[in-house]
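Please find below some comments on the structure you sent round. They are set out as numbered points, to be read with the model open.

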Amino acid sequence: MSVSQDCAVLQTAFPVLFPASVSDCCSIPSIIKCTNGRVTTLSLGARNLTGQLPESLGSLSELTSLNLASNSFTGTIPESFSNLKKLETFVIYSNMIEGGFPEVVTKLSGLKYFQITDNRLNGTIPQSIGNMVSLNFPVSRSARCFDFGSNAFTDPLPESMANLVNLQSLLFQNNKFKGPLPEWIGRLSSLKEINANLNKFTGPIPASIGNCTQLKQLELSNNEITGPLPESLGKLTELTSIFLTGNNIDGPLPTSFGNLAKLRAVFMKGNQLSGPIAESYFASMTALRQLDMSLNRLEGSIPESIGNLASVRQLDFTGNLLTGPLPASLSKLSAATTISFADNQIGGTIPASLGSLGKNIKSIFLAGNSLNGTIPESLGNLTSLNSLTLAKNQLIGTIPDSLGNMRELQELSLFDNKLSGSIPASLGNLVNLQLLSLVSNSLTGEIPESFSNLKNIKSLFANKNKLAGKVPLWIGSLSNLTSINLANNNLTGSIPSSLGSLANLRSLYLADNQLEGSIPSTLGNMKLLGTLDLADNRLSGPIPAELGQLPALRTFYFGNNQGLTGVFPDGFPLLGVCLGGQTSVCIQAGRDTCELSVCPATTTTTTTTTTIPATTTTTIAAQITATTTTITIAAQQSSAAQTTTTTTVAALPADNTKTASTIVPAPPAGTTSVAAATAAPSGNASPSPAATTVRATSPASASPTAAGNNHADAYGQTIPTPSQMPYAADVHGKDSNHGYASGGDAPADGDSPILSGAAAWMPVLHLAAMAAGAGALLHMW
């Protein structure tokens, strides 16, 4: 064929790229190259090409390089491609090629570089792949020798691949290969790169891997590999990176691990590695930049030799069983940006020398240990730090003023320690701060006025301390706040109306303080508010009707505020609670109607209205079984006379499509209305309540006990560390029994709480479902 013949092939195959008006295709240098009058290179990557590969391309017999990557080709590789005997480079990744591994490619004996990753290939790799003995193209960032990753190949790799002795790069990541890693892989002694991430390989890493002495990169993450690391791993002295994350590798690191002096990256997170960290492991790894050994079972003390990792940037031992003190040699890691030893059993004090880490350090995570003593003043020297997490330790003393020097700090988590004294005003200098968690300490004094400078803060958690003073007016100017938790302190005064300016606020916890006055109607401006806890204060006056207009409000507590008066605001949505997907109960007062609010399911409904004198105590319980719901209302006057009304509701057949909807006249003074509905038997639509749920806890999750009804689980949020970093969270207000008129313990399962008169509904908007034998018991207080 002549160049004109080659051009005619291309004009037919790709008329948009090679229009008929172009007589010489070789005049388009960006996509074609010709030698001696013939097309030798064709680069059509990322040209938005679609359809099946043209058969006619097989007639370009002088072609040595073909790039069809990043298009939308479908179907299979044509058999005519077997005629491309001079083809050395074939790139067709990121298309939609289907079927099994293209055996036609195995007939191209001169092929050196083949990349077919990210297609839709499946099935097994044929034995004929062993014929591709020329695959040996040098590894570089832009060229990889043999890449068939990101497909859906299955079953073990064929042993014929052991014939590919010139292979330098073998990439088969993100497939469905299973079974053990083959022993024959040690016969590929020219390999420099292996990537088998994201498969289902099982068993141990074969000892023969030690024969691949030229290997630079070993990636076996996210498989099901077991057993200890082979001692032969220490023979891979050219290794620069090893990725073994997310397997089940156990046992200690091999004693030869310290031989790998050229390592730059080690990722072994999420295995079962155990045993101590030997001094010899890091003695000579001066080139190491990333070391992630998190979520293993390593034990013993941290060796002083860790200070030899002069180039390390990320150092993560989170979630192990390490003990002993933090070595002073950590201060030598001047290149480090992240250091995490969170979630271990490390004791002793925080070395003051950490303050000399320098300007590169961005994150320090030491939460969840047994560190004691005070927070060193020297940490204030780390002016480039973004995150400091010292939570869940046994730190004592005051918060150092010097922490206010860390102007780049975005997260400061000191919760669950034994810190005391006042909050230093210098923390108001942290103008980039987004999260501050001081929960569960013994801090005193007032919230510093300097905090009005924290314009970027999103989460402010200082609950479970001994803070006094008022909730400051200026808090309403911190417009980025999404969460505030100041519960369980000694705050006094009124709730500032300025809180209504916090348009981004999603949760507000002020419970268990000594707040007085009325609930500001401006809280109704916080349209994103989902949780509001004002329980256990001294609030008075009516519950603002504006709160009933909050579209996102799903959880609110007003219990133990004896001064609250009035009825439910007309604006409140119906109060509903789904009990384990079985039923919904609507309890409403002070409205013209009470409309049944149910989980979407086919039901039949019976409504009972009972008139009760104002001096009456009322017990309401709902017993739920698989097929019926029983509502029992027991009214007992002070003379001990008692009237009980019981209504049992039977479920409809599964195919009944009747929708429950009940209208009940408004009850007169001293009257309580209860409407109930049962879900249809299994097979109907899954429950999905649309009504606001007020303290709804399904029987399958948490149950109040005689110890008290804990609503602390709603407090705060969790900020991650580099590996599931769990300790930038605030956690938790005081266990309390919100809503009980007596303020005493919650009832044990099977007991009924007491509602003291109709007026007792108003201060307590708090429902809970609790397990009670085979059914469930609904408590309303």
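The points that follow take up the disulfides, the nonpolar cores, the aromatic pairs, a serine and a sheet.

1. The model is a predicted one, and the remarks below should be read in that light. Residues are numbered from 1 along the chain as its sequence is written.

2. I begin with the cysteines, where the structure holds 2 disulfides. In one of them, cysteine 7 is joined to cysteine 25, with the sulfur atoms 1.9 Å apart. Cysteine 7 belongs to helix 1 (residues 3-13), whereas cysteine 25 lies in the loop between helix 1 and strand 1 (32-35), so this disulfide ties together parts that are 18 residues apart in sequence. The torsion about its S-S bond is about 70°, and the link of cysteine 7 and cysteine 25 is therefore right-handed.

3. The other disulfide is formed by cysteine 26 and cysteine 34, whose sulfur atoms lie 1.6 Å apart. Here the torsion about the S-S bond is -85°, and the link is left-handed. A reader may wish to set the accessibility of the four cysteines side by side: cysteine 7 is buried at 2% relative accessibility and cysteine 25 is buried at 1%, while cysteine 26, with a relative accessible area of 24%, is partly exposed, as is cysteine 34 with 25%. Cysteine 212, for its part, is buried, with a relative accessible area of 0%.

4. Which residues touch the most other members of the largest nonpolar core? Of its 168 residues, these are Phe18, Phe90, Phe146, Phe148, Phe317 and Phe341. The elements that contribute two or more residues to this core are helix 1 and strand 2 (38-43), and helix 1 supplies the largest share, which amounts to 4 residues. As a general background to this point, nonpolar side chains tend to be buried together in soluble globular proteins.

5. Phenylalanine 18 deserves a separate look. Once its neighbours within four places in sequence are left aside, phenylalanine 18 is in contact with Leu10, Gln11, Cys25, Ile28, Ile31, Ile32, Leu42 and Leu44. One of these contacts, Cys25, is also a partner in the disulfide with cysteine 7. Apart from the largest core lies another core, of 6 residues, among them Ala367, Ala391, Leu435 and Val439.

6. Turning to the rings, the structure holds 20 aromatic pairs. Phenylalanine 148 and phenylalanine 172 form a stacked pair, with 6.0 Å from centre to centre and 15° between the planes. This pair links distant parts of the chain, 24 residues apart, with phenylalanine 148 placed in the loop between strand 10 (146-147) and strand 11 (152-153), and phenylalanine 172 in the loop between strand 12 (169-171) and strand 13 (178-180). Phenylalanine 148 and phenylalanine 172 are both buried.

7. Phenylalanine 257 and tyrosine 281 also form an aromatic pair, in this case edge-to-face, at 5.8 Å centre to centre and with 85° between the planes. Phenylalanine 257 is found in the loop between strand 19 (248-251) and strand 20 (265-267), and tyrosine 281 in the loop between strand 21 (272-276) and strand 22 (290-292), so the pair ties together parts that are 24 residues apart in sequence. Both phenylalanine 257 and tyrosine 281 are buried.

8. Ring pairs also build a cluster, made up of Phe81, Phe90, Phe101, Phe114, Phe146, Phe148, Phe153, Phe172, Phe177 and Phe201. Phe90, Phe146 and Phe148, named in this cluster, are also among the residues that touch the most other members of the largest nonpolar core.

9. Is serine 82 buried or exposed? Serine 82 is buried, because its relative accessible area is 13%, and it lies in the loop between strand 5 (72-74) and strand 6 (89-91). A polar atom of its side chain is 2.8 Å from the backbone oxygen of glutamate 79. Not counting residues up to four places away in sequence, serine 82 touches Val104, Lys107 and Leu108.

10. Finally, 3 strands form an open sheet in the order 38-40-42, with parallel pairing. Its edge strands are strand 38 (516-517) and strand 42 (563-565), each of which pairs on one side only. Strand 38 and strand 40 (residues 538-542) pair in the parallel sense over 2 bridges, and glycine 517 stands opposite leucine 539 in strand 40.

Methods:
Predicted model: local features only at pLDDT ≥ 70, side-chain atom pairs only at ≥ 80, totals over all residues. Heavy atoms only, no water. Phe/Tyr/Trp six-rings, centres within 6.5 Å; stacked < 30°, edge-to-face > 60°. Buried < 20%, exposed > 50% of the residue type's maximum accessible area, 1.4 Å probe, protein only. Pairing = 2+ DSSP bridges. Polar contact = N/O pair within 3.5 Å; in protein donor to acceptor, adjacent residues only side chain to side chain. Contact = heavy atoms within 4.5 Å. Disulfide = S-S within 2.5 Å. Core = buried A, V, L, I, M, F, W, Y, C linked by side-chain atoms within 4.5 Å.
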